[in-house]
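Please take a moment to look over the sequence and the 3D structure shown below, and keep both at hand while you read.

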Amino acid sequence: MEKAFLQNILEQNKMTSSYSFNRVSNENADFRLNKQAASIGFIYRHIGETMNLFTTFFGLKTDIQNTTMGRTDTGQGKNVEQSNQLVKKGYDLLAQIIETTPEEDWLDMIDTPFFGKVTRLRLFSHILFHNSHHAGQISLTLSKGDIVS
């Protein structure tokens with residue numbers, strides 16, 4: 001039951017977030033709410049990078065480099081297709097974690113630099129909440145943002 005439960009949560013996150021993610025394009029990647037806000041492209045790339053980088057806490061390896069976490073938007077999100085691939089790969093890795101993690105390991109503690117020690121389940125949940133948070137930012141920027149000079 002646990003795998004099915006987690007798979008359902010992951011699928012719901014993919015579906016809900018897709019309403020924003022599927023609207024990100026080269027035409028709107030530079031949209032911002034204001035000069036200080038990150039662009040849609042940067043936020044989208046950040047989501048993809050974060051999903052991939054956080055899977056390393058689950059013991060997976062990645063060749064993805066951080067260009068967005070803790071950084072200022074200097075145009076890192078201009079390649080929307082590359083960000084699409086990062087997001088897809090991130091979701092695939094999360095599905096892999098569900099498949100390969102034994103039920104009894106979900107409550108094991110993982111040491112993170114961001115939250116200290118948390119269970120695997122809490123870290124997995126954080127990744128999905130993080131996606132949703134930023135999907136909301138993208139949606140707001142799509143509706144209220146524009147190219148800001």
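The paragraphs that follow go through several helices in turn and end with a single glycine.

The model is a predicted one, and a convenient place to begin is helix α1, which runs over residues 2-21 and so named has 20 residues in total. From its first C-alpha to its last, α1 reaches 27 Å, which is close to the 28 Å expected at 1.5 Å a residue. Where along this helix are the buried residues? In α1 they are Leu6, Leu10, Asn13, Ser17, Ser18, Ser20 and Phe21. Because these residues cover an arc of only 140° around the axis, they are put on the same side of α1. The face of the helix turned away from that buried side carries the exposed residues Asn8 and Tyr19. As for what lies against the buried residues of α1, they pack against α2, α3 (80-100) and α4 (120-144).

Two of these partners, α2 and α3, can now be considered as a pair. Their axes come within 8 Å and cross at roughly 30°, and an angle under 35 degrees counts as roughly parallel, so that α2 and α3 are therefore described as roughly parallel to each other. The crossing in which α2 passes α3 is left-handed. Among the residues of α2 that take part in this meeting are Tyr44, Ile47, Gly48 and Met51, while the residues of α3 that they meet as a group include Leu86, Val87, Tyr91 and Leu94.

The remaining partner of α1 is α4, which has 25 residues and reaches 36 Å from its first C-alpha to its last, close to the 36 Å expected at 1.5 Å a residue. Its buried residues include Leu123, Phe124, Ile127 and Leu128, and also Arg120, His130, Asn131 and His134. What covers the buried residues of α4 includes the helices α1, α2 and α3, together with the strands β1 (31-32), β2 (109-112) and β3 (116-119).

To finish, it is worth returning to one residue of α2, namely Gly48, which lies in this helix of residues 40-54. Is Gly48 buried or exposed? Gly48 is buried, because its relative accessible area is 0% and buried means under 20%. Leaving aside residues up to four places away in sequence, Gly48 touches Leu86 and Val87, and both of these appear among the α3 residues that meet α2. Gly48 and Glu104, by contrast, are 56 residues apart in sequence and 28 Å apart in space, C-alpha to C-alpha.

How values were computed: Residues numbered from 1 in each chain as written. Predicted model: local features only at pLDDT ≥ 70, side-chain atom pairs only at ≥ 80, totals over all residues. Heavy atoms only, no water. Helix = DSSP H or I, 4+ residues; strand = E, 2+ residues; numbered from the N terminus. Buried < 20%, exposed > 50% of the residue type's maximum accessible area, 1.4 Å probe, protein only. Contact = heavy atoms within 4.5 Å. Expected span 1.5 Å × (residues − 1). Arc of directions from axis to C-beta. Axes fitted to C-alpha atoms, helices over the stretch in contact; angles between N-to-C directions. Parallel < 35°, antiparallel > 145°, perpendicular 65-115°, else oblique. Left-handed = near helix turned anticlockwise from the far one by under 90°.
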